[in-house]
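Let's take a walk through this one, starting from a single odd spot and working outward. Have the viewer ready and follow along.

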Amino acid sequence: MNHLVILPILIPLLGASLSLFVEHRRYGPKVQRSVAWASMAALAVVVGLLYAQTSLGHTSVYLLGDWPARLGVSLVADGLAGWMLLTTLLLAIACLLYACTGWDRRAPHFHALFQFQLMGLNGAFLTGDIFNLFVFFEVLLIASYGLLLSGGRGLRMRIGLHYVVFNVTASTVFLIALAMLYATLGSLNMAEIGQRIAALPPSHLKLAKAAVGLLLVVFCSKAALLPLYLWLPEAYARAPAAVAALFVIMTKVGLYAVLRVSSLWFPETSGAMAGYGADWLLWAGLATLLVAALGAVAAARMRVLVAYLVVVSAATLFVAFALGNAGSISAGLYYLPQSTFTAAALFLVADLIRRRRIGNAARHEGDLTALPPAKTVPSALFLIGAVAVAGLPPLAGFLAKAALLSSVPQALTGVVWAAILGSSLLVITALTRTGIRMFWRVPGDEDDPLPPEAHAEAPTRPFETAAACLLLAYVVAMSLFAAPLMRQTDAIATQLLTPSGYTDEVRGTTPQVRQP
């Protein structure tokens with residue numbers, strides 16, 4: 001058995017446990033950071049090896065708790081899981097680099113919560129059991145509660161509590177849906193469910209559709225689909241910069257779950273449930289795309305703008321995955337990491353701008369504009385991020401949207417093209433206005449009020465700028481190496497649309513439960 005599959009879950013778990021042991025003041029922050037980076041280095045090695053295996057088309061199954069009676073919960077590493085693990089790792093490196101410049105001292109248990117968050121994310125991407133998807137959802141959500149609320153007060157605390165209540169409610173619905181699904185199908189193994197749905201008698205079809213419908217609602221709420229996105233903009237905008245950047249990947253967990261479930265459970269061979277939910281997911285994604293773009297135009301603060309851009313990227317991915325053909329899924333998978341890195345970088349850039357403007361305000365009698373030398377780096381980073389997130393050439397966002405538009409079926413060309421191009425125009429408008437306000441404001445113009453939590457602070461540290469540069473370097477690298485990366489996403493899309501290999505591998509490893 002390939003024990004490599006369990007290590008992306010086990011390493012962050014051990015890293016979090018060790019972080020709790022060294023939190024005592026006599027160890028100091030340097031020890032905590034050393035533990036965090038050692039864990040990240042080990043995780044990088046493991047994820048690199050897993051990605052190398054899965055990129056060749058291999059599917060590895062690990063039976064957790066492989067008892068002699070052949071009982072256990074399966075973990076599965078295929079091309080999609082490897083792609084998501086690598087995206088999460090690259091994002092986490094930049095977020096940890098930014099946090100270790102000093103913010104981690106302000107949040108109790110930051111490093112332990114950060115590692116638990118990675119454990120939940122990696123587990124969600126690797127699990128082959130729908131109940132354990134719920135378990136890993138809860139692990140990453142509980143860690144996110146701590147990261148969002150740590151050191152917060154006032155408005156951030158209130159918005160954080162709204163975030164907690166919303167996600168606890170969604171998790172309750174998730175659990176109810178799992179109970180209905182198990183009562184109907186007698187299994188929670190995702191590969192096994194796909195086989196049983198195809199053979200489901202008509203008398204059980206309505207209950208199965210109800211259970212799956214509830215699951216899709218939960219996944220869409222995690223991915224911020226209209227009308228379940230209202231919790232996201234303020235929660236992300238009020239989170240600390242490193243935390244908000246890491247949270248960008250959380251909407252992609254919901255999207256991953258939708259893609260995984262739809263590819264395994266509703267292929268063309270699944271009878272009455274073939275393609276279940278694809279139509280309404282497509283139209284909901286198009287509506288979310290336009291509403292979120294309008295929200296970006298209306299945003300009064302840069303971080304709220306970036307939060308709406310996260311919703312725009314999630315909606316674009318819903319459209320790509322709901323179209324359901326190999327070209328659109330491949331384009332969506334290529335778009336997923338570049339949109340994640342770009343939005344995360346813009347959260348960091350927004351914090352860099354805030355810190356520099358506040359520092360200058362403290363030294364220049366209320367002048368809230370940055371000094372010209374201090375404008376250069378943030379403005380360049382903002383420009384690169386804006387070009388990438390708006391889908392302008394020559395960066396990866398343009399290549400991904402071009403590939404997506406070219407894969408739209410002829411019957412939907414008009415509405416999908418109009419939605420994607422129209423939302424892109426609105427995003428360009430919003431980013432242009434923000435850039436003018438941030439970097440072209442002349443001293444003596446009308447005041448730009450500081451956020452309530454603002455305080456005077458020294459100019460940013462080099463590693464903070466380096467973290468934002470690293471994220472944007474990923475985007476540039478994806479643009480330069482677009483051809484091999486798109487070949488990889490083509491292979492993953494083909495693997496998803498022919499789920500028999502995944503199913504046969506899992507069913508050949510796990511015991512078959514007798515159907516009730």
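Start with lysine 222, a charged residue that is buried yet has no salt bridge. Keep in mind that this is a predicted model. The nearest side chain of opposite charge belongs to glutamate 138, and it sits 5.0 Å away. A salt bridge here needs a side-chain nitrogen of Lys or Arg within 4 Å of a carboxyl oxygen of Asp or Glu, so the pair of lysine 222 and glutamate 138, at 5.0 Å, doesn't count as one.

What does lysine 222 touch, then, if we leave out residues up to four places away in sequence? The list is Phe137, Leu141, Asn167, Ala170, Ser171, Trp231, Met250, Thr251 and Gly254.

Now zoom out to the helix. Lysine 222 lies in α8, which covers residues 205-222. That helix has 18 residues and reaches 26 Å from its first C-alpha to its last, close to the 26 Å expected at 1.5 Å a residue. Plenty of α8 is buried along with the lysine: among the buried residues are Leu205, Ala208, Val212, Leu216, Phe219 and Cys220. The cover over the buried residues of α8 includes α5 (130-149), α6 (155-185), α10 (241-265), α11 (278-298) and α12 (302-323).

Step past the end of α8 and the backbone gets interesting. Alanine 224 follows the helix with a positive phi, near 65°, and this is a residue other than glycine. Alanine 224 belongs to the loop between α8 and α9. Is alanine 224 buried or exposed? Its relative accessibility is 1%, so alanine 224 counts as buried.

Stay in that loop a moment longer. Leucine 226 and proline 227 are joined by a cis peptide bond, with omega about 0°. Proline 227 is in the loop between α8 and α9 (232-238).

There's another cis peptide bond to visit further along, between proline 393 and proline 394, where omega is about 10°. Proline 394 is also a loop residue, found between α14 (372-390) and α15 (396-406).

Finally, pull back to the whole chain. It has 19 helices and two strands. Of its 516 residues, 59% count as buried. Among contacts with a separation of 6 or more, 80% come from residues 24 or more positions apart. The accessible surface of the chain comes to about 20,000 Å², and 68% of that belongs to carbon and sulfur atoms.

Conventions. Residues numbered from 1 in each chain as written. Predicted model: local features only at pLDDT ≥ 70, side-chain atom pairs only at ≥ 80, totals over all residues. Heavy atoms only, no water. Helix = DSSP H or I, 4+ residues; strand = E, 2+ residues; numbered from the N terminus. Buried < 20%, exposed > 50% of the residue type's maximum accessible area, 1.4 Å probe, protein only. Lys, Arg positive; Asp, Glu negative; His and termini not counted. Contact = heavy atoms within 4.5 Å. Areas by Shrake-Rupley, 256 points an atom, 1.4 Å probe, with all protein chains shown as cover. Expected span 1.5 Å × (residues − 1).
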